[in-house]
Amino acid sequence: MEPKQQDQARKRDDPGNHNEPLTIVQSMTSFYIYNPYEKRSVEVPLTNCDAFISLLKCVIGTGILAMPLAFRCSGFVVGAVMSVLLMILLTYSIHLLISGMTECCRRRQVPQVSMPEAVRIAYEEGPKWVQGFGRAAGFLTSCVLVFGQFLLCTVYLVFVAKNFKEIGDYYGDKYNERYYVLGASLLLLPLFMIRRLKYLVPLNLVSNFLLYAGFSLIMYYLFSGLPVINDRELATPPAQWIEFFAIAAFSLTAVGSMLVVEAHMAHPQSYLGIFGVLNLAVFFILLSNMFFGIMGYWRFGENVQASITLNIPKNEVLSQIIKVFIALGIFLSYPLNGFVVITVVFSDYGNSTERSKHQTLFEYIVRLTFLLLTGAVAVGVPNLAALTELEGAFSLSNLNLLCPALIDLFLNYGVGYGRLMWKLMRDILLILIGLIFGTVGCTVAMIQLIRDFRTTVSNM
């Protein structure tokens, strides 16, 4: 019985038994030739629960606290509808991206590829006139990933500094906000030196507890003293919607962190799917964002600030506890989001002797440099709203829309785009949306940041 089964398996797996050429089988049905998930090996893997916790930690943070400002720019109805549509778009693009990266693994028969590697492989699989740009496109993708995470970590430092400054001003002398940025950077140094993602999970648990404790306590201020809802806009002029998209995108996008979590899972097959880890986390995040956006705008109206924690009273013990909890939760989120940069640098451009002393030393230097640079930018332009909009527009356009669409576009070049070329039309639509939104959103945010930087220089 065993020799018979072996013979059947050999006939099933032998490409020579098929009528089609081997190259066709590899490109169109490569799933049956090579399954990268079976070959993947992670030194310290994440369970599904660990991955779910880390995903919440990646996305829930300063963005959810800025959602009331986003709803002020859109109104109740427009904000709710666009939040759902934006979440569907972003989730679909993440599925498209991970599916494309998995297909790149199958075609190259490797267990894992990074996002820049996937872009390079996709270019090499595309038309002849783009194949020579593969390496340049991969390097550019690395730069985009690093810059997006850089902006995100800078926003975190500014947020922590602003909230602790309010408490410090109430109980002591009024120091410049920039001193709080420097203090937060120094305190982050030992935490950011943790080199294994698995060991960040306890940190993420503490961070999640602090954040949700703060979110729960802030309900008191959201539900007390609610004005008449008719005083709030249901829809604002379309010209203001671009700010909504930028802020909402910031609260939903964490592509780099999402990919890192998937790459370190013990069972990556559980990441996608209708009831996969990603969809469950995204659904929970959507509900949280909409709730805070609606309630925050209803409570504070046109006076809502870049973070709702800046709207609650400064002189009450409860409000101060809320600010400490949430600021500490965001503070502990920095190492995980900075981890993405380290992964990009050392997975794609590190040498083969990863465990060598020189490699470890170089990694510590990169971590220290990244931390100092984010601190320097936070000191130079501490405009929380503008930084939030810039990061949201930049990451959404490049990482959530352009990269997944380009990878899918070139991977399907040799095998076809489906009936009526629907895949081609989908990819082109995503590229156009990404280009338009990225150009407009980044331009609006950069104008505000340049204004603020000039103010900072003139006051020095």
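Start by selecting helix 9 and helix 15, which cross each other with a left-handed sense. In this predicted model, helix 9 covers residues 134-171 and helix 15 covers residues 317-331, and the two pack at an angle of about 150 degrees with their axes 9 Å apart. Since angles over 145 degrees count as roughly antiparallel, helix 9 and helix 15 are therefore described as roughly antiparallel to each other. To see the contact itself, show the side chains of Tyr156, Phe159, Val160, Asn163, Phe164, Glu166, Ile167, Tyr170 and Tyr171 on helix 9, and on helix 15 those of Gln320, Lys323, Val324, Ile326, Ala327, Leu328, Ile330 and Phe331. Colouring this selection by residue class will give 13 nonpolar, 2 polar and 2 charged residues.

Stay on helix 15 and pick Ser319, which is found in that helix. Is Ser319 buried or exposed? With a relative accessible area of 0%, Ser319 is buried. When residues up to four places away in sequence are set aside, Ser319 touches Tyr221, Ile312, Pro313 and Lys314, so these four can be displayed around Ser319 as its surroundings.

Next, select helix 6, residues 76-108, together with helix 14, residues 277-300; their axes are 11 Å apart, and the packing angle is about 160 degrees. This pair, helix 6 and helix 14, is therefore also roughly antiparallel, while the crossing of helix 6 and helix 14 is right-handed. On helix 6 the contact is made by Phe76, Ala80, Ser83, Val84, Met87, Thr91, Ile94 and His95, and on helix 14 by Leu278, Asn279, Val282, Ile285, Leu286, Met290, Ile294, Tyr297 and Trp298. Sorted by class, the residues in this contact are 13 nonpolar and 4 polar, with no charged residues.

From Ser83, move to Met67, which lies in helix 5, residues 62-72, and which touches Ser83, Ala248, Ser251, Asn289 and Gly293 when residues up to four places away in sequence are not counted. Met67 is buried, its relative accessible area being 1%. For a distance to display here, join the C-alpha atoms of Met67 and Met295, which are 228 residues apart along the chain and separated by 9.6 Å.

The next stop is Tyr123 in helix 7, which runs over residues 115-125. Which residues are in contact with Tyr123, leaving aside its neighbours within four places in sequence? They are Val130, Gln131, Phe133, Gly134, Ala137, Leu406 and Phe410. The C-alpha atoms of Tyr123 and Phe410 are separated by 6.1 Å, although the two residues are 287 apart along the chain. Because residues under 20% relative accessible area count as buried, Tyr123, at 15% relative accessibility, falls in that class.

Now zoom out to the whole protein, whose secondary structure comes to 19 helices and 0 strands. Of its 460 residues, 54% are buried, and among contacts with a separation of 6 or more, 84% join residues 24 or more positions apart.

Finally, colour the model by pLDDT, which averages 81 over the protein, with 88% of the residues scoring at least 70. At the start of the chain, residues 1-6 stay under 50 and have 0 contacts beyond four places in sequence. Over residues 8-31 the pLDDT is likewise below 50, but this stretch has 16 contacts in the model beyond near neighbours in sequence.

Terms used:
Residues are numbered from 1 along each chain as its sequence is written. This is a predicted model: local features need pLDDT of at least 70, side-chain atom pairs count only at pLDDT 80 or more; totals for chains, interfaces and linings use all residues. Side-chain values use heavy atoms; hydrogens and water are left out. pLDDT is the predictor's confidence in each residue, from 0 to 100. Contact means heavy atoms within 4.5 Å. Axes are lines fitted to C-alpha atoms, for helices over the stretch in contact, and angles run from 0 to 180 degrees between N-to-C directions. Helices (H or I, at least four residues) and strands (E, at least two) are DSSP runs, numbered from the N terminus. Angles under 35 degrees count as roughly parallel, over 145 as roughly antiparallel, 65 to 115 as roughly perpendicular and the rest as oblique. A crossing is left-handed if the near helix is turned anticlockwise from the far one by less than a right angle, and right-handed if clockwise. Ala, Val, Leu, Ile, Met, Phe, Trp, Tyr, Cys and Pro count as nonpolar, Asp, Glu, Lys and Arg as charged, and the others, Gly among them, as polar. Buried means under 20% relative accessible area, exposed over 50%, partly exposed in between (1.4 Å probe, protein chains only).
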